[in-house]
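Colleague: Could you take me slowly through the nonpolar interior of this model, and then say how the cysteines stand?

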Amino acid sequence: MPTLPFLQAPEAPTTRRLGTPASGILEMPVLGGLTVGESALISELLASEQSSFVKGAQIADAIAKAEDISISEAFSIIEGAISGRELEAKAEEIRTKHAALIQEVAQVYAAAGQRNMTATVTALIRCRCKLPDWTVNDTNQIHRALFNAIWQLAQEETEAEAIANEPPTEEELGKQPAADGAAVKRTGKRSSTT
C-alpha cells in the first residue's frame, strides 16, 4: 500500500490481548477508531436485515390509527415503553392496551442490537486478525467472553473516533503561525493609482 504524504503520521497502533484462558486469548491492534473497511463490512453484513426503525414505524402507525394520535406520538410511547421511561397517564393507558405490539418492537430492537454486535465483532476479527473468510456463523461459535471483549474494543474504538474528530491545530502540526501583518515592516514606496 502506498504511503500518504502525512504532515503528521498516525500514531503507531498498540495491541491488546482479548479474552480469557477459557475463551482463548487473541491479540488485536488498537487503532483509535474503526477503519473504513471495517465500517463498510459492518454495513454490508447488516444490509439484508429488516430495519428496526421500519418495524417500529409500522407498529406506531397501527397504534396511531387505533388511538387517533399522530405517528410521532405513538412512536414516542413505544420508545418510552421500551426504554422504561415513565409515561403520562394517557400514554401509559395506550402502552398497556397495545403491550403485545410494543413487545414485538422491543424484540425487533433487541435482535437488531445483537445483529449489530455480531456484525461488528465479525468485522474486527476479519480485518484485524486478517481472516478474510471469517463469517457471522464463525462469530456465533466463539466463547461469550471473547465476543464481549472484542465488542468492548469496538465500542472504545468508536468512542475514540468521536473524540478525535477535531482537526489538529497549527501548533500541533508544528507549523509556524501565519503572520498577521501587524508586525510587517514596509519597505519601498507605496503605489498609487489615479
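Modeller: A nonpolar core is a set of buried Ala, Val, Leu, Ile, Met, Phe, Trp, Tyr and Cys residues that are joined through side-chain atoms within 4.5 Å, and buried here means under 20% relative accessible area. Please keep in mind that this is a predicted model. The largest nonpolar core has 21 residues, and the members that touch the most others are Leu-18, Met-28, Val-121, Leu-124, Ile-125, Ile-142 and Ile-150. Two or more residues of this core come from each of strand E2 (24-30), helix H1 (36-46), helix H5 (99-128) and helix H7 (144-163), and H7 gives the most, with seven residues.

To see one of these members in its surroundings, take Ile-125, which, once its neighbours within four places in sequence are left aside, is in contact with Met-28, Lys-130, Leu-131, Trp-134, Thr-139, Ile-142 and Ile-150. Apart from the largest core lies another one, of 13 residues, including Ala-60, Phe-75, Ile-78 and Leu-87.

As for the cysteines, the count of disulfides comes to zero. The cut-off for a disulfide is a pair of cysteine sulfur atoms within 2.5 Å, whereas the sulfur of Cys-127 is 9.7 Å from the closest cysteine sulfur, in Cys-129, and is therefore too far away for a bond. Seen from the other side, Cys-129 is in no disulfide either, since its nearest cysteine sulfur is that of Cys-127, 9.7 Å away. Cys-127 counts as partly exposed because its relative accessibility is 30%, and Cys-129, at 21% relative accessibility, counts as partly exposed too.

Methods: Residues are numbered from 1 along each chain as its sequence is written. This is a predicted model: local features need pLDDT of at least 70, side-chain atom pairs count only at pLDDT 80 or more; totals for chains, interfaces and linings use all residues. Side-chain values use heavy atoms; hydrogens and water are left out. Buried means under 20% relative accessible area, exposed over 50%, partly exposed in between (1.4 Å probe, protein chains only). Helices (H or I, at least four residues) and strands (E, at least two) are DSSP runs, numbered from the N terminus. Contact means heavy atoms within 4.5 Å.
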